[in-house]
Amino acid sequence: MTSRIAYIASNTFREAVRDRVLYNLIAFALLLSGAAIFVGQISIDIERLVVVNLGLAAVSLFGTVIAIFIGIGLVSKEIEKRTLYTVLSRPVRRWEFIIGKFFGLAGTLVVNTFFMAIGVFAALLYVAHKFSRPDALILIALYFIILEFLMICALALLFSSFSTPLLSAVFAFSLFVIGSFADDLRAFAELSHGFTHWVAAAAAYLVPNFSALNVISAVAHQQPVGAQLVLSNTLYALLYTTVALSGAVLIFERRNLK
Amino acid sequence: MAAIEILDLEKTYLVGFWCKRPKRALQPLRLTIEEGEIFGFLGPNGAGKTTTLKILMGLVFPTAGTARILGREWTDPEVKAQIGFLPEQPYFYDYLTAHELLDYFGQLSGVPARERKRRVEEVLSLVGLTDIKGLQLRRFSKGMLQRIGIAQAILHNPRLVFLDEPMSGLDPLGRREVRDLIAQLKQDGKTVFFSTHILSDAEALCDRVAIIHKGELRGVGAVDDLTSSVVGKIEVIWQGTQIPASIKALGAECHVSGDNVRAVISDNQQDAIIDALRRERVRLISITPLRTSLETYFVEKLQHSQTTAGKRA
Ligand SMILES: Nc1ncnc2c1ncn2[C@@H]1O[C@H](COP(=O)(O)OP(=O)(O)O)[C@@H](O)[C@H]1O
Ligand SMILES: [Mg+2]
């Protein structure tokens, strides 16, 4: 059972690599080194701030785009091209397929993020000439970014299990944008009354809360991140991912293939 | 033990925007395939063959009915380790090479690592694919994909093989090879269930056939039994410009063209017409089967339904 999930995951990873997904790293490296050289010339005070802010924002954005664009096709493309026929006619359970796909994509993103993280630290070293203790906080920000990726992967898979790639992309991007403003949505729900209150509150708790996962600016300003937040974010992301994946499995288990 | 028992499987697709109109693809189908036989599932395009196979593979869900495969419930995942499936017009991960694809499928089917490599080479040479190392499947022709499809269906040494239109997309030599391969599978003690709309493929191979049309079963049995009541046609050509009376008497339709006479006659009259021609001392040029008895039977079965449907309308 677990071995089949691992085989499916590694094949998914292989597909991403062969589809040249990791080439985004080149764009990332160009962007970051350009920025580092640029701020290195104009200022001596804010260069660390800029590199960390920009670097982590780029890690998050690049990864999100990859997660959504691969994620939305993971199931629907296999149904469309009928590559699934010869997989599901083997002793592969449908849920194993979904979970394998999830881990394959998540693995791709972790590897991608790992290389990007090296880039961020290299740029930091370039502008600051040495690492200082608060730089370790960047690792926490990166960890939160990966948690965010897990949730996005699971959501993209969920949409991919019942909808077309185009609609899935629209859903996933909308959720990503709304989720990034989840705190504001919650605040709005608190302030509003009656029907609006219930709708806003329901939406606020349904969409993924990416606000809490975003500590980029705090880390750039070398503010500490509490252990409490690490724990609650971890639990929240794992729970959200599990629920979204269960939804994907439930839908896919009942689906007639084309 | 029966290899496959299809117990009143039926399928109605819902087609159209918002899934409204029901479309009947398969009437309740009851069919038993014995272990060790080659069973041909025949029908014209759109008859419901692929639908039946997809239901049996668990790819689509039936509207009603059940099936048993190798003595187990057909949805039992353990059954899947013992069956192989070639889909119609198969398509595979095009970023993989044939070796990588088969290795991956071997993993999924639980073929142990030490056997996999050997087994992949074995099936590739069995389907006649050589010199393809390092070539991604996106570069494969339709015929090569069909061969890969057959290779992956028998890779894990299954007891029962389902093939949906196995000869399609192949040239005459390829069809021949696939025929031999299917016969070999039977020799190895496997059960083969294959669909086709090409009767000659079935006639040459099958122990038994079923004929399905518009989702409805029209006949099942050994080819000889099914065709005992119908006769095929042969075409006989000889040199001459006259039509001898003795030949007309046999009920042949004759035409003179140039120096030759062409006659079409029932295949059970073959000996009689040869004897007659010998007595007439004419030079025989050729005898060709026009329509085998299975084809005649098949056409009869399909036409039968059309006339009854026509009467009702
Ligand atoms: N996914 C589907 N949705 C709606 N109708 C379908 C679908 N698949 C097949 N059909 C219809 O069901 C009938 C049987 O199709 P099929 O099983 O593919 O026939 P065959 O394989 O014998 O050519 C056809 O009329 C076809 O149009
Ligand atoms: Mg078909």
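This report describes a sheet, a metal site and a ligand site in chain B, followed by one residue of chain A.

**The sheet of chain B and its helix**

The model is predicted. In chain B, four strands form an open sheet whose order is β2-β1-β4-β5, with antiparallel pairing. Its edges are formed by β2 (21-34) and β5 (72-73) of chain B, each of which pairs on one side only. As a general matter, the strands of a sheet pair through backbone hydrogen bonds, either parallel or antiparallel. Strand β1 (residues 2-15) of chain B is joined to β2(B) by eleven bridges, and the two run antiparallel; in one of the pairings, B:Ile4 has B:Ile33 in β2(B) as its bridge partner. Helix α1 (residues 49-56) of chain B lies across β1, β2 and β4 (64-69) of chain B, and runs at about 115° to β1(B).

**The magnesium ion**

Which residues coordinate the magnesium ion (ligand 2)? The ion is coordinated by B:Thr50 through OG1 and by B:Glu88, listed twice through OE, at 2.0 to 2.8 Å. These two residues link distant parts of the chain, since B:Thr50 sits in helix α1 of chain B whereas B:Glu88 belongs to the loop between β6 (83-86) and α3 (98-108) of chain B, 38 residues apart. B:Thr50 counts as partly exposed because its relative accessibility is 23%, and B:Glu88 likewise counts as partly exposed because its value is 30%.

**The surroundings of ligand 1**

Ligand 1 is surrounded by residues of chain B that include B:Tyr13, B:Val15, B:Lys23 and B:Ala25, together with B:Pro44, B:Asn45, B:Gly46, B:Ala47, B:Gly48, B:Lys49, B:Thr50 and B:Thr51. B:Thr50 therefore appears both in this list and among the residues that coordinate the magnesium ion, under the accessibility of 23% that makes it partly exposed. The table gives distances between an oxygen atom of ligand 1 and polar backbone atoms.

| Residue | Atom of the residue | Distance to an oxygen atom of ligand 1 |
|---|---|---|
| B:Gly46 | polar backbone atom | 2.6 Å |
| B:Gly48 | backbone N or O atom | 2.9 Å |
| B:Lys49 | polar backbone atom | 2.8 Å |

**A residue in chain A**

In chain A, A:Thr64 has its place in helix α3 (residues 47-71). Is A:Thr64 buried or exposed? A:Thr64 counts as buried, because its relative accessibility is 1%, and the threshold for that class is under 20%. Leaving aside neighbours within four places in sequence, A:Thr64 is in contact with A:Glu148, A:Phe149, A:Ile152 and A:Phe176.

Note on methods:
Residues are numbered from 1 along each chain as its sequence is written. Chains are lettered from A and ligands numbered from 1 in the order in which they are written. This is a predicted model: local features need pLDDT of at least 70, side-chain atom pairs count only at pLDDT 80 or more; totals for chains, interfaces and linings use all residues. Side-chain values use heavy atoms; hydrogens and water are left out. Two strands pair if DSSP finds at least two bridges between them. Contact means heavy atoms within 4.5 Å. Axes are lines fitted to C-alpha atoms, for helices over the stretch in contact, and angles run from 0 to 180 degrees between N-to-C directions. Donors are N, O and S atoms within 2.8 Å of the metal (3.2 Å for Na, K and Ca); water is not among the atoms, so sites may look incomplete. Buried means under 20% relative accessible area, exposed over 50%, partly exposed in between (1.4 Å probe, protein chains only). A residue is near a molecule or strand if one of its heavy atoms lies within 4 Å of it. A polar contact is a pair of N or O atoms within 3.5 Å; within protein, one must be able to donate a hydrogen and the other to accept it, and residues adjacent in sequence count only if both atoms are side-chain atoms.
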